[in-house]
Amino acid sequence: MTTPLSPVSPARTGNGRLAVAVLTFLSFTVLFLQVGIVPLLPHLGQQLHLGAAEVSWLLTAELLGGAVAIPVLTRLADLHGKRRIIVVALSLVLVGAVIGMVTDSVALLLVGRVLMGAQAPMLALPASLASDTMSPARAQGTIATIHAGNTVGVGGGLLLGGLIGAFDPSFHAYFHVAGVVVALGLIGTLLFVRESGERGHGSFDVPGGALLAVSLVCLLLAISKGPAWGWGSGAVLGLFAAAVVLLGVFWVVERRTRHPLIDVRVLTLPTVWLPNVVVLLIAFGIYGAISAVTRFAQTPPKAGYGFGFTPLQVTLFAIPTALGGLVGAFLLRRLGRRLGFVATTAIAVLGCTVSYLALAAFHTIPVPMMIALAVYAFGNTMGIAAAQVMLLADAPARRSGTALTVATVLYAVGNSLGSAIVGVLFAVHPLPGGLPAAQSYVWAFLLSGACVALATGLCTVRAVRRSRAAAAVTDPAAPQASR
């Protein structure tokens, strides 16, 4: 079984139900806004007279902003207060949304999108604040609820993009919605969320933060632009090389720093590397195979496949996604207490595996696709929430924000890598009209399924070893199991 998040302290009595609602809403807004802009990119291109490669920078800009925000803001949150840094982050996002509301300048839009990348730490800070300010049992339930909000955000983003595309194709409408949503989150945080009483020791690791941020920018830029620039191009290979070198330097620097941004010495522990790998493998499919579902559905049947759905009809996929996420949140704490969070994670990623195999087999029929999406959302919500519970179990409260830094970074890397690789699959042997071949979708689903199948295997092996070790402790005469 997973150890408690940390001992109960007076600081854990401050946040009630309204705070849980606000923290869940903050998690909801991340993917709600990230997914919501994707269906509008063609409209953005038309209105700003940009090609597909140029308009993609509006996605890439937020990604790169998030790469800088994650390590910097999570560590500052541990040092100066998580609620305080959440307010700072949301303020930056709100400024970015306001810029998008009022400008038609591509340069200013890019600035706004970079600022909106400050929402990326909301994948970590709400959960770490819950861990700091609630009893272990309440914190586990809250983390599950927070990640249900995250999964529902995917469905909400599909709904947002579909509705704006159907009734108001102007990209300014998206930024108006973003501004309102972020403002609500900011007001809710100020009114109902109490600050953690825990503070980290030491100072901000400026060299470590700079090295990690720049290396992530290089890595994510190479991944996101690889399909457009060419994977063998000098620019992409140079970015990959720079990322590897900088990450190596970061590792050396962190081992020698008294107060490191990330204690790299603990990354090889099973309680740390396993949940991080699970997050990476689950995240691979969020923008990869899942975005493929909506693209497949909107393909006109004259291509030989597809349903010819309008953007508004695609919002039907939001329903099973939301329902599956809620079921995953409901079952997390119950299964975690009974089976342990490693075994619960194994069940979650097994659900993701089954969903991808179902999509590969039945993607030509809408109803099985929707059922598969519900199973995926169940596994995604429960898997990432259980991974966060495992990471927070052994982390002191004063480091709970940075304990999730690596997982949050890997989440972003997984999103980008999945999207880029699926984009490559779609570009191989396209149909005469430029549409992806039908077989490309099958390969996308199978590849995403293989990733979560690997996560299933790793979690299962770890759960079996923990079970044997527990049995050996209970029965001293039994052979000692390897940990």
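Visitor: Which helix gives the most to the nonpolar patch?

Guide: In this predicted model, the nonpolar surface patch covers about 500 Å² and is made by Leu18, Ile187, Leu190, Leu191 and Phe192. The helix that gives the most to the patch, with 4 residues, spans residues 171–192 and is helix H9.

Visitor: Is Phe192 buried, partly exposed or exposed?

Guide: Phe192 is found in helix H9 and is one of the residues that make the nonpolar surface patch. Because its relative accessible area is 38%, which lies between the 20% limit for buried and the 50% limit for exposed, Phe192 is classed as partly exposed.

Visitor: Which helix gives the most to the largest nonpolar core?

Guide: The largest nonpolar core has 118 residues, and those with the most contacts inside it are Leu44, Met122, Tyr174, Phe317, Tyr411 and Phe445. The helix that gives the most to this core contributes 15 residues and runs over residues 366–393, namely helix H17.

Visitor: How many residues are in the second, separate core?

Guide: Apart from the core of 118 residues, there is a second, separate one that includes Leu211, Cys218, Leu239 and Val413. The size of this second core is 24 residues.

Visitor: Where is Thr299 found, and is it buried or exposed?

Guide: Thr299 is found in the loop between helix H13 (289–298) and helix H14 (311–314). Leaving aside its neighbours within four places in sequence, Thr299 is in contact with Tyr305, Gly306, Phe307, Gly308, Leu435 and Tyr441. Because its relative accessible area is 3%, and the limit for this class is under 20%, the loop residue Thr299 is buried.

Visitor: How many disulfides does the count come to?

Guide: A disulfide is a covalent bond between the sulfur atoms of two cysteines, and the rule applied here requires a pair of such atoms within 2.5 Å. The sulfur of Cys352 is 11 Å from the closest cysteine sulfur, in Cys459, and is therefore too far for a bond. Likewise, the sulfur of Cys451 has its closest cysteine sulfur in Cys352, at 11 Å, so that this pair is also too far for a bond. By this rule the count comes to 0.

Visitor: Is Cys451 buried or exposed?

Guide: The relative accessible area of Cys352, which holds the cysteine sulfur closest to that of Cys451, is 0%, and Cys352 is buried. For Cys451 the relative accessibility is 15%, and because the limit is under 20%, Cys451 also counts as buried.

How values were computed:
Residues numbered from 1 in each chain as written. Predicted model: local features only at pLDDT ≥ 70, side-chain atom pairs only at ≥ 80, totals over all residues. Heavy atoms only, no water. Helix = DSSP H or I, 4+ residues; strand = E, 2+ residues; numbered from the N terminus. Buried < 20%, exposed > 50% of the residue type's maximum accessible area, 1.4 Å probe, protein only. Contact = heavy atoms within 4.5 Å. Core = buried A, V, L, I, M, F, W, Y, C linked by side-chain atoms within 4.5 Å. Patch = residues over 30% accessible without salt bridge, like charges linked within 9 Å, V, L, I, M, F, W, Y side chains within 5 Å. Areas by Shrake-Rupley, 256 points an atom, 1.4 Å probe, with all protein chains shown as cover. Salt bridge = Lys/Arg side-chain N within 4 Å of Asp/Glu carboxyl O.
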